[in-house]
Amino acid sequence: MSMRVTFLGTGGAVPTTERGPSALLVNREGERLLFDCGEGTQRQMMRFGTGFTVSHLFVTHLHGDHVLGIPGLVQTWDFNDREEPLVVHAPPGSKRHLRNLVESGGYRPGFPINIHEVKPGNVALSGGDYEVRTFETNHRNVRSMGYALVEDDRRGRFDREKAEALGVPVGPAFGRLHEGESVELEDGTVVRPEQVVGESRPGRRLVYTGDTRPVDATVEVAAEPDLLVHDATFADDRADRARGTGHSTGREAAEIASRAGARRLALTHISSRYAGDASPIEREAQAAFDGEAFVPDDGQKFEVPYPDADGE
């Protein structure tokens, strides 16, 4: 099962010709989840070929560079005769503002938009075999929170050779054992799943912070994330500016990634100050983090691997 992340907007509050405002699209086996929606997100979706079929939108906070793309995207969906509801998840106190944003200029969408306020420390979405958890972040003059997409554990590996050695006939019995059902053989012997199925294996974990100072909640929400997407607005020479504006430096993001046991770190919300060269942010993060740290470009796609690397 694939999980592809497309970095639709990797820039800070002021867009540049290279980087648009914040937006991240996750395609998990055909289900598309959008995290933040800065202005121009719909064009980025067309430009980078992600498709428009988004079922859930997760808003980290109400600053314009994270939400001003919502009205245009909603109206584009309307022009294309969308009928399916859109669920918007957002911090407490956001519903009225988001409703006013969607209906600006007296516009009324022709499909349902359900705005779901959710407190940090809760589950915003239960998706069957995964959930999206919320955690409190620390940004300037606004209620903000991040999201962690956490998959359920997967079944252990089925040991075909052991099953055959126990006399299990090749065929449907293999599947029943892998699903957790015991199988009785013709001679009356009962083969139990734990005899031929290994220990369960972890699913994937993706954490998206939005704009924030380094916070313990990022470390605590999902142990050992396979990908942490963290605010890294400034390089270390602007650390005072990062503190004053409620952002993080690349080094600070790397320290959080190390504490969380993250395998990979994507550095986003890059200030327009680094429009020509974001390498100082990337270098400082790489020096403070043993895993893979990188500054993605707009449009860059990343396949999130399973922790055991070889998937199913």
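Which strands does helix 11 lie across? Helix 11 lies across strand 14 (264-268) and strand 15, and runs at about 165° to strand 15. Helices (H or I, at least four residues) and strands (E, at least two) are DSSP runs numbered from the N terminus.

Before going on, note that this is a predicted model, with local features needing pLDDT of at least 70 and side-chain atom pairs counting only at pLDDT 80 or more, while totals for chains, interfaces and linings use all residues. Residues are numbered from 1 along each chain as its sequence is written, and side-chain values use heavy atoms, leaving out hydrogens and water.

Now for the sheet. It's an open one of 7 strands, ordered 7-8-9-12-13-14-15, with mixed pairing (two strands pair if DSSP finds at least two bridges between them). Strand 7 (123-126) and strand 15 (292-294) sit at the edges with a single partner strand each, so one side of each has no neighbour in the sheet. Inside this order, strand 8 (residues 130-136) and strand 9 (residues 145-151) run antiparallel and are joined by 7 bridges.

Back to helix 11 (residues 279-287): helix 10 (residues 250-260) packs with it at an angle of about 30°, their axes 7 Å apart. Axes are lines fitted to C-alpha atoms, for helices over the stretch in contact, and angles run from 0 to 180 degrees between N-to-C directions. Helix 10 and helix 11 are therefore roughly parallel (angles under 35 degrees count as such, over 145 as roughly antiparallel, 65 to 115 as roughly perpendicular and the rest as oblique). Gly 250, Arg 251 and Ala 254 of helix 10 make the contact with Ile 281, Glu 284 and Ala 285 of helix 11, contact meaning heavy atoms within 4.5 Å.
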